[in-house]
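The following paragraphs guide the reader through one protein structure, from its overall build to a few aromatic side chains. The sequence and the model are shown first.

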Amino acid sequence: TTQDQKAAALRLWTGEVLPDWLDYNGHMTEHRYLQVFGESSDAIYGHIGVDFANAGAGAYFTLSTHIWHRAECKVGTSLWSETEILGHDPRFIHLFHRLFDKDGKLLAEGEHLVIHVQNGKSCPAPAKMRETVAEIFEAQRSLPVPEGSGKVLARPLAHNRLA
């Protein structure tokens, strides 16, 4: 387990609110929050070993998403996200992202249930990916469970932090 995985959410994504991300109120529009969380998910997938150049060999597909909008953000705002693994089994990962501005203000939270797929069919992730997911999960096990989480699950996963 790497040092940055010891009882901490992973900081793997950074970005900035671009001018074309604004809605008619001058704030970041709602679908851009989903984009940011999608890019945050891609960052954790790369971290656990998904080969994006050969995604047919195995990647993750989002089954369910729930987003909490906590504060508005405007053009030029520097952003970063942190990611936790709330649960996993051989096919599924339960992800939780938090989006912050440069000052650490919480802007949004996103909860996602994803499934491993290969050649268009669900299947267990490769052993090395599952091992990395399990290591991150175990390192984060002592973190508090995010309030309100569990909305994306029909049933708990084999390994999970939800009470």
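Among contacts in the protein between residues at least 6 apart in sequence, what percentage join residues at least 24 apart? The model, which is predicted, gives a value of 69% for this share. The question of how the chain is arranged may now be taken up in order, beginning with its secondary structure.

The protein contains 2 helices and 7 strands. Followed along the sequence, these elements appear in the order β-α-β-β-β-β-β-α-β. The pattern thus opens with a strand, continues with a helix, and ends with a helix and then a strand.

The overall dimensions come next. The C-alpha trace extends over about 45 × 35 × 30 Å along its principal axes. For a chain of 163 residues, a compact globule would be expected to have a radius of gyration near 15 Å, and the protein, at 16 Å, agrees with that expectation. Of these 163 residues, 45% count as buried.

The surface may be described in terms of area and of charge. About 8300 Å² of the protein is exposed, and carbon and sulfur atoms supply 51% of this area. The protein carries 16 positive and 20 negative charges, and the mean positions of the two sets lie 5 Å apart.

Attention now turns to the aromatic side chains. The structure holds 3 aromatic pairs. One of them is formed by Y45 and Y60, whose rings are stacked, with 5.3 Å from centre to centre and 20° between the planes. This pair links distant parts of the chain: Y45 belongs to helix α1, which covers residues 30-48, while Y60 belongs to strand β2, which covers residues 59-69, and the two are 15 residues apart. Are these two tyrosines buried or exposed? Y45 has a relative accessible area of 4% and is therefore buried. Y60 has a relative accessibility of 12%, so Y60 also counts as buried, the cut-off for this class being under 20%.

Strand β2 also contributes to another of the pairs, through W68. W68 and F96 form an aromatic pair that is tilted, with 5.8 Å between the ring centres and 45° between the planes. Here too distant parts of the chain are linked, for F96 lies in strand β4, at residues 92-101, and is 28 residues away from W68. Both W68 and F96 are buried.

Taken together, the two pairs described here connect strand β2 with helix α1 through Y60 and Y45, and strand β2 with strand β4 through W68 and F96.

How values were computed. Residues numbered from 1 in each chain as written. Predicted model: local features only at pLDDT ≥ 70, side-chain atom pairs only at ≥ 80, totals over all residues. Heavy atoms only, no water. Helix = DSSP H or I, 4+ residues; strand = E, 2+ residues; numbered from the N terminus. Rg over C-alpha atoms; globule rule 2.2 N^0.38 Å. Buried < 20%, exposed > 50% of the residue type's maximum accessible area, 1.4 Å probe, protein only. Contact = heavy atoms within 4.5 Å. Areas by Shrake-Rupley, 256 points an atom, 1.4 Å probe, with all protein chains shown as cover. Lys, Arg positive; Asp, Glu negative; His and termini not counted. Charge placed at Lys NZ, Arg CZ, Asp CG, Glu CD. Phe/Tyr/Trp six-rings, centres within 6.5 Å; stacked < 30°, edge-to-face > 60°.
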